[in-house]
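I had the chain open this afternoon and went through it with a notebook beside me. Here is what I jotted down, entry by entry.

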Amino acid sequence: MANLNGKKGNNKKALIIGSIAVVIVLIGVAIYFFIQNQHKDEKNALRAAETFTSNIAKEKYDKLGNNVTNASLKKVEVTAKEMEAKYQAVYSGIGAENIKVKNLKSVYDDKENKFNLTYELEMRTSLGKLATQKYKTTISKQNDDWKIDWKPALIFPGMVKTDKVRITEDSATRGQIVDRNGTPLATKGQFAEAGVVPSKLGEGDEKTKNIQDISKKLDISTEYINKQLAQKWVQADSFVPLVTLDEDKLPEATGLTYAQKELRTYPLNEATSHLIGYVGEVSAEDIEKNPKLGVGDVIGKSGLERYYDKQLRGKDGGEIKIINDQTKQEDTLQKIDRKDGEEIKLTIDAAVQKKAFDSLGSETGAVTMINPTNGELLALVSTPSYDANQMVLGITADDYAKYNDDKRLPFLARYANRYAPGSTFKTITATIGLDTGITKPDKVREISGLKWQKDASWGKYFVTRVHDVPKVNMTDALVHSDNIYFAQEGLEIGKDKLTAGLKKFDFDKEYNLPFTMEPAQISNDGLNSDILLADTSYGQGELLMSPIQQAIAYSAIANNGKMPYPKLETKEATGKSTQATEATSANQVKDALIKTVSDPAGTAHGLQIQGHNIAAKTGTAELKEKQGEDGLENGFVYAFDADNPDYLMVGMIENVKGRGGSGLVIDKLKPVIESMYK
């Protein structure tokens, strides 16, 4: 009996233990499924948050309606489409771009059975980088999906339904470019924008006739006028702009009217167009290179306008506000102070620049004026030129083609273009000869006839000269520009010493100037023949120097052998000068150049100005394919005041053969030197 009761007790205990085990298993299964569902909910809620914020970052505002709960939209009384349109209007209106999502977190709230969502947005607006915006909301379950509970504060924190976002822009004023005296070379000017008012054109045949009349007077096509009138925004009383004109050229016609427009203008225009350049609206290519630019922005397209564009343009300012028209409350979301462009002050003298340009007239040439003591560039002129103001107003394709097809290359800045320097270069050879002891002022070379060659190995090639003078010293050779004398001196100096001497005059050196200019060249591949060495010594051969480089090098003759570093912007530190030649050598050559002007037989006698001690050297450089052939000639002259060397001018005119040679250059440019004393 006792054993039977024991079995019953054991069975009951086993049953209880089994039941507990089942309960434990069931609880475990329930916990497992709860955890799995919890993980699934967390994953789905996070995915919903990522999808919502990703659509904002990718500017896919039309997808946002699928990411938010219907209940939240109903609560603020907006439809999904209205919510999407609000994002589009606000973010597009302020130029929102480069939107990035940061620190996105989703945390479950077991009391509310929701997830608390926080995230940050970084973005740029049309005013620049916006301060990081911090957002918070909840994620709720709608049917089987987790979605964002939307509210207006998810556009910008603190916003309510009746708020609007407004942007005001404060455009920076482009800085002026002025000369050394503050005279504007690039500034703002007032122009007349010609346009039509549709209601004033009439109807039918009358309208057609009036459009034809406007077309003729403005020199634009009727097709263009009709295209402008057909734009979607045009109303009966709209002002439809057509073309911008100078205010002194305003034709009258029925339906034609004018509005004032402020544009960049160039007071000296063609006299400075190569140097200053011009501005224009950005192209698609400009925006691709610099994404910070936008359609309608104006930038420098060429010359100093382009080189200094960043400083000149400044930085636009403005303000983005959240405004409630009902409560009149305004909150500033972003404020950027306007920073106007810098003024660029040049060493150029506008009066000298204009005089040099006018003096060249219709010639193809260049003038460079420098202060030989400090390197300040006083004038940089090139002719023919182009109308920079026309570029700003809007040049037609036909007018641009005329410039582009002109064989005289009006877009070429000849002051920075390299040429063979011709006989002006003999002064450099003379200083090198004096420095090396090969050349001496009293050393006389006996030369017979007008042509010479070293020996029979030169074949049919001869060095020629103009004056048959049997005995020639250095001064005579400079006064009469004797090629044979300098060819013989160059051969005696030798290629190594001549090359070393020329290196002191900055051959093969680049200058830090705000435009493109290739370094001065001694030769293509070394002075590897006596003929090339001889030709180089009197300024021919393969020598190449721009008028700027000539002016810098020749400054050493005027400045006790010291060659200045060129300078174009006044605020730049004056560059360190270099001793290109000995002071005694420079002054001995200068004395010869004074005689080149004062001597009635001197090649530069035409530059004599009563009461002033002018030193000068002329030259021509022959351009030919082969030795012995005739070619075109470029004429050069450089001159400075021997007593007060505050200027040195290098002038060049192309194709002077048969037109007076370097004498033509003197005749054209003497007024420029005379103007320096007025």
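My notes below go from strands to helices and then to a few backbone oddities.

**Entry 1: the model**
I kept in mind throughout that this is a predicted model.

**Entry 2: β12 and its partners**
I started with strand β12, residues 317–324. How many of its residues are buried? I found seven of the eight, so β12 is largely enclosed by the rest of the structure.

Next I looked up what β12 pairs with. Strand β5, residues 163–170, runs antiparallel to β12, and eight bridges link the two. As a landmark in that pairing I noted K164, whose bridge partner in β12 is I323. β13 also pairs with β12 in the antiparallel sense, this time over six bridges. There I marked K321, which stands opposite T332 of β13.

I then followed the chain round the turn. β12 and β13 make a hairpin, with five residues between the strands. K328 sits in that turn and has a positive phi, about 65°.

**Entry 3: Q334**
I picked Q334 for a closer look; its home is strand β13, residues 330–336. Is Q334 buried or exposed? Its relative accessibility comes out at 5%, and the cut-off for buried is under 20%, so Q334 counts as buried.

What does the side chain of Q334 reach? I traced it to the backbone oxygen of K129, at 3.1 Å. I also listed the contacts of Q334, leaving out neighbours within four places in sequence. Among them are T125, L127, G128, K129 and L130, and also G318, E319 and I320. G318, E319 and I320 fall within the 317–324 range of β12, the hairpin partner from the previous entry.

**Entry 4: the five-stranded sheet**
I moved on to an open sheet of five strands with antiparallel pairing. What is the strand order? I wrote it down as β16-β15-β25-β24-β23. β16 and β23 (614–623) are at the edges with a single partner strand each, so one side of each has no neighbour in the sheet. On average, neighbouring strands here are turned by 10° against each other, direction ignored.

Inside the sheet I checked β24 (residues 632–641) against β25 (residues 648–653): they run antiparallel and six bridges join them. Y638 is a handy marker, as it stands opposite V650 in β25.

Two helices go with these strands. Helix α19, residues 583–598, packs on the sheet and touches β23 and β24. I noted its direction at about 85° to that of β23. α18 lies across β15 (365–370), β16, β24 and β25, and runs at about 140° to β25.

**Entry 5: α18 on its own**
I gave α18 (residues 547–558) a separate entry. From first C-alpha to last, its twelve residues reach 16 Å, close to the 16 Å expected at 1.5 Å a residue. Why do I call α18 largely enclosed by the rest of the structure? Twelve of its twelve residues are buried, so that is how I logged it. The buried set includes Q549, Q550, Y554 and S555 as well as I548, I552 and I557. Just past the helix, N560 takes a positive phi of about 55°.

**Entry 6: α13**
Helix α13, residues 426–436, is mostly covered too, with nine of its eleven residues buried. I ticked off K426, T427, I428, T429, A430, T431, I432, G433 and L434 as the buried ones. G437 follows α13, and its phi is positive, near 85°.

**Entry 7: backbone oddities**
Where is the cis peptide bond I logged? It joins T383 and P384, with omega about -5°. P384 belongs to the loop between β16 (377–383) and α11 (388–393).

I also checked two residues that have a positive phi without being glycine. E77, at about 60°, is in the loop between α2 (70–75) and α3 (80–93). D219, also at about 60°, is in the loop between α4 (204–218) and α5 (222–229). Are they buried or exposed? E77 has a relative accessible area of 61% and is exposed. D219 is exposed as well, with 67%.

Key: Residues numbered from 1 in each chain as written. Predicted model: local features only at pLDDT ≥ 70, side-chain atom pairs only at ≥ 80, totals over all residues. Heavy atoms only, no water. Helix = DSSP H or I, 4+ residues; strand = E, 2+ residues; numbered from the N terminus. Buried < 20%, exposed > 50% of the residue type's maximum accessible area, 1.4 Å probe, protein only. Polar contact = N/O pair within 3.5 Å; in protein donor to acceptor, adjacent residues only side chain to side chain. Contact = heavy atoms within 4.5 Å. Expected span 1.5 Å × (residues − 1). Pairing = 2+ DSSP bridges. Axes fitted to C-alpha atoms, helices over the stretch in contact; angles between N-to-C directions.
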